[in-house]
Structure formats: C-alpha cells, structure tokens
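Me: Please take a close look at the salt bridges in this model. I would like to know which parts they join and how those parts sit in the rest of the fold.

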Amino acid sequence: MRTTTYAELERAIADQLGLNVDSATGNPNLQADEFHLVKRAVSRALADIWDATWWPELMRVDKRYFRALYDSATAYAAGAEVFFVATGLYYVALRSTTGNAPATVSGGEYVANNAYWAEASRTYQAPNYDAATAYVAGNRVYYPPTGRCYQCHTASTGNLPTATSYWGELIEFQPYVDLVQSGFTTIGRVKGVWVDDPRRFVGCRPVDFVRQNDRIQLPSPPQNWVWVEYQLRVPRLIGGAYSASTAYTATPAESTGGSTVIISSGSGIGYGGRAALRARTEHLPDQLAYLLYLVSAGDGQGGWFQFAASNSTTDDGVDTLKPDDVTGAGRWIRVS
C-alpha cells in the first residue's frame, strides 16, 4: 500500500474543486466552509477505498469474548453479564455487587458464588415456584405469572421470585461480540469469524455470524470465545482551525479504539512541530495525527504518526514521540 500525506490530498482535491491554492507555498488557503467540503470529500473517498478490497495493512485478527472480563473493581448491577477467566464461563449478576467474584475455590475447585452470581445459559429450566418451600442460595424456580426463571441469592420462604431482595432474574444469554469493546481495537468490516486463529491454523473452522449495527451476532458458537478477522474502521476526519484559546474535548466515544484522524486548518493541515504533538492531551489507541514539520517549517521531516497505547519505546524526537502527560506506556509512532 502506497502512503501519502493529507496535505497532498487536500491540494489535489482543492484543485479539482476549483478552490483557492496558495501558489507560493502550494498549500490551500481555504475558508472554513471550503475546508469542511474537503474533509467530506476525503471521507467519502476513504470509505470507497476501504470497501474496495481487504487491504492487508488494514486487517486485524483478535480473540474476542462475548462479554467483558470480570473486574473486581467494577460495580455490577443486577443483570450484568461477565466472563470469568478462571472458569472459562459467563455469569449473570443476581444483584448489585462489587468485589465478589463469580466463582470461588472450594475443595480445590471453583464453585459458583450463588450469593451474587448465576452461571449464564442460553436457556433455563426449573420447577414452578412454591410459596411453602424454603429456598436457599442457588435454588432456581420458574414463575408462571412472568414466564421467567429466577435464582435465589438469599434464603427465602414465601417471598415471590419478583422480590429482588431474595431473587435474581435469569436472563437468557445471547452470544455476540460488540464492535466497540473496552481495551480492544474497534471492529470495522468483518471478513470472518473462526474457532481459532486463522493465521496459525490453515483450514480452521469458520463460525456462522450476522453483522448487526453495533455487534456481531453468533447464532451457535461452538465455544465461549471466537477469533474475529476484520478490517479497521474507516477513519473519520474531524477538526477545524486550531486555536490556542479553545478548550478541546476528547474524541467522541464511537471512535474510541478506532482509527480516527485529527486534523486542523490554518497555515496548513496538522500539528506544527513535535512539541505541539507531544503537548496534545487527546490520544486514543490507533489514532492518527499529521505533523507538518518536525522542528521548524520546511524541514521536510513531517508525516503521519499513530498512537500506540501499549508502546513504551524511548522518545527519540524523530520517529517516536512521548506525550507530555503520559508517564507510562503510550507513544506517537511515525507511520509515514
């Protein structure tokens, strides 16, 4: 794949659209409405390019779970679903809980923590609720008036299954992979879903899937995780004329984890010098930013940088730049 700079694209598009180009510098001298017109034109072209083929440079293969991994620091509400790595199973919260693991070790093996969680299932079956029965944590019942199954989390006699102080509703588990998952790259176009890593196992078995607006639905997965082969999300070009007096906010949540291009207008497109990019406080995984020049205008060392959230390489001032507000991992890495 051949790379180019946004400035080159902008000049070409401005010329095609008959917009004003500064002959002295070769840079377009665009008004605000013209600048937005160019952004829209580039965005449309990028979408067409993305759909043209499965570009190898834009492809990823990740192991994905159907729900987020259990986190002992997270406050879960009743009905929340998690994957517990220790058992390799999914669980649904019966009531609000923080720090109570879905399963604990007893007698040398993991046992479900019935006081807070129930093992998730695609379907549930249980005997009808009986008001005269003394139920204990872990007991399940079917309640005809609601047509739902419930599991007892606190010993109860005579308390209806709809009483949340004693019972938690058992929600039928639906296997799917969200396109946007915390800690993972945002999924764009999906090429395939597999039972194992297709890069390592030739002829590995595909998994049936249905791509929906915000997730990959899996009607009958053979296991509790899958490998997704996908294309990165099409970049969104956003931004306007940079102003030192403007209070900038974080990139919208829908682009978190995706490939978002941040651009600015004025004397050119991008950031003026490495110090400006280091000072940037908005940096998300795989985000792209364009550097007009490295140290001074015209030094010919500008280019595209991509933010690598897990990279801890030493800042060399040329190809690797560490944001000023980052103390651990996270670097801008030159990609062109």
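Reply: The count comes to 10 salt bridges, where a salt bridge means a side-chain nitrogen of Lys or Arg within 4 Å of a carboxyl oxygen of Asp or Glu. The model is predicted, so local features need pLDDT of at least 70 and side-chain atom pairs count only at pLDDT 80 or more, while totals for chains, interfaces and linings use all residues. Residues are numbered from 1 along each chain as its sequence is written, and side-chain values use heavy atoms, with hydrogens and water left out.

Two further terms are needed before the pairs. Helices (H or I, at least four residues) and strands (E, at least two) are DSSP runs numbered from the N terminus. A residue is buried under 20% relative accessible area, exposed over 50% and partly exposed in between, with a 1.4 Å probe and protein chains only.

One of the pairs is Glu172 with Arg148, whose side chains meet at 2.9 Å, N to O. Glu172 sits in the loop between strand 13 (167-169) and strand 14 (176-178), and Arg148 belongs to strand 11 (residues 148-152), so this salt bridge ties together parts 24 residues apart in sequence. Both ends are partly exposed: Glu172 has 30% relative accessibility, and Arg148 has 24%.

Asp178 and Arg215 form another salt bridge, at 3.8 Å from N to O. Here strand 14 supplies Asp178 and strand 17 (residues 215-217) supplies Arg215, so the parts tied together are 37 residues apart in sequence. Asp178 counts as partly exposed at 26%, as does Arg215 at 22%.

A further pair is Asp319 with Arg334, at 2.8 Å from N to O. Asp319 is in the loop between strand 23 (303-308) and strand 24 (320-321), whereas Arg334 is in strand 25 (residues 331-334); the pair therefore links parts 15 residues apart in sequence. Asp319 is partly exposed, at 36% relative accessible area. As for shared partners, salt bridges join Arg148, Glu169 and Glu172 into one network.

The Asp178 pair also has a backbone side to it. Asp178 has Arg215 as its bridge partner in strand 17. Strand 14 and strand 17 pair antiparallel over 3 bridges; two strands count as paired if DSSP finds at least two bridges between them. They belong to an open sheet of 3 strands in the order 14-17-16, with antiparallel pairing. Its edge strands are strand 14 and strand 16 (210-211), each of which pairs on one side only.

Asp178 also leads to the interior. Leaving aside neighbours within four places in sequence, Ile187 is in contact with Asp178, among others including Arg64, Val177, Leu179, Ile216 and Val228; contact means heavy atoms within 4.5 Å. A nonpolar core is a set of buried Ala, Val, Leu, Ile, Met, Phe, Trp, Tyr and Cys residues joined through side-chain atoms within 4.5 Å. The largest such core has 25 residues, and Ile187, Ile216, Leu218 and Val226 have the most contacts inside it. Strand 4 (89-93), strand 15 (187-194) and strand 18 (225-232) each supply at least two of its residues. Strand 18 gives the most, with 4 residues. Separate from this is a second core of 10 residues, including Ile13, Ala41, Leu46 and Leu58.

Gln231 is a polar entry in this setting: it lies in strand 18 and is buried, at 1% relative accessibility. Outside its neighbours within four places in sequence, Gln231 is in contact with Ile187, Trp50, Trp54, Trp55 and Leu58, among others.

Covalent cross-links can be dealt with briefly. A search of the whole structure finds 0 disulfides, a disulfide being a pair of cysteine sulfur atoms within 2.5 Å. Cys149 is buried at 9% relative accessibility, and Cys204 is buried at 13%.

For scale, the protein has 3 helices and 25 strands, and 39% of its 336 residues count as buried. Among contacts with a separation of 6 or more, 52% join residues 24 or more positions apart.
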